[in-house]
Amino acid sequence: MSLANAEFSLGAEDALLLFRDLEEYVVSLDRILSRLAAGADPAILADYLVDRRVAARPARARGTVGDALEAVIGAEALEDIAEGVFRYSGP
C-alpha cells in the first residue's frame, strides 16, 4: 500500500502532547549525550529515563499515532510495519 498521498487525522490535543514529549526527548537526549561524551557518569541517562517515564510516554504516543494510521492502512499493515522495526535485544 502506498502512503504517499494518504492522510490521517490526529487531534490537536494529541498532537500537542506528542510534540511536547518529542521536544523534551530531542533536547534532553542531546544534552545528556554531550555530557556523556565529555565524560559524565552514564547513570545520568538511566536517571533521566526513569525519572521522566521515558518508556511510558512514547508508548502512549505510539498508541495514538498507531490508531490513526490503522484507520488508514488497516491493522495487518500496521502490524507488519511494527514487526519490521529494530528492537534492542541486549548484548
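## A82 and helix α4

A82 sits in helix α4, which covers residues 75-83; helices here are DSSP runs of H or I with at least four residues, strands are runs of E with at least two, and both are numbered from the N terminus. With a relative accessible area of 33%, A82 is partly exposed. On that scale buried means under 20% relative accessible area, exposed means over 50%, and partly exposed is in between, using a 1.4 Å probe and protein chains only. A82 and R52 are 30 residues apart along the chain, and their C-alpha atoms are separated by 25 Å.

A bit of housekeeping: this is a predicted model, where local features need pLDDT of at least 70 and side-chain atom pairs count only at pLDDT 80 or more, while totals for chains, interfaces and linings use all residues. Residues are numbered from 1 along each chain as its sequence is written, and side-chain values use heavy atoms, with hydrogens and water left out.

## The overall picture

The protein has four helices and zero strands, so to speak an α-α-α-α run from the N terminus on. Its C-alpha trace spans about 45 × 35 × 20 Å along the principal axes. The radius of gyration is 16 Å, whereas a compact globule of 91 residues would come in near 12 Å; that value is taken over C-alpha atoms, and the globule rule is 2.2 Å times the number of residues to the power 0.38.

Just 14% of the 91 residues count as buried. Take the contacts (heavy atoms within 4.5 Å) with a separation of 6 or more: 57% of them come from residues 24 or more positions apart.

## Surface and charge

About 7100 Å² of the protein is exposed, and carbon and sulfur atoms supply 57% of that. The areas come from the Shrake-Rupley method with a 1.4 Å probe, and for residues only the protein chains shown count as cover.

On the charge side there are 9 positive and 16 negative side chains, with the centres of the two sets 9 Å apart. Lys and Arg count as positive and Asp and Glu as negative, with His and the chain ends not counted; each charge is placed at NZ of Lys, CZ of Arg, CG of Asp or CD of Glu.

## Helix α1 and E24

Helix α1 takes in residues 12-37, and its 26 residues should span 38 Å at 1.5 Å a residue; the end C-alpha atoms are 37 Å apart, which agrees. The expected span is 1.5 Å times one less than the number of residues. After α1 comes G39, with a positive phi near 105°.

Which residues of α1 are buried? They are D21, E24, Y25, S28 and I32, and the buried residues of α1 pack against α2 (43-51) and α3 (56-73). E24 counts as buried because its relative accessibility is 16%. Leaving aside neighbours within four places in sequence, E24 is in contact with L29, Y48, R52 and R57.

## R53 and D67

R53 is in the loop between α2 and α3. Its phi is positive, near 55°, even though R53 is a residue other than glycine. Most residues other than glycine have a negative phi. R53 is exposed, at 52% relative accessible area.

D67, found in helix α3, also counts as exposed, because its relative accessibility is 55%. D67 and S9 are 58 residues apart in sequence, with 9.8 Å between their C-alpha atoms.
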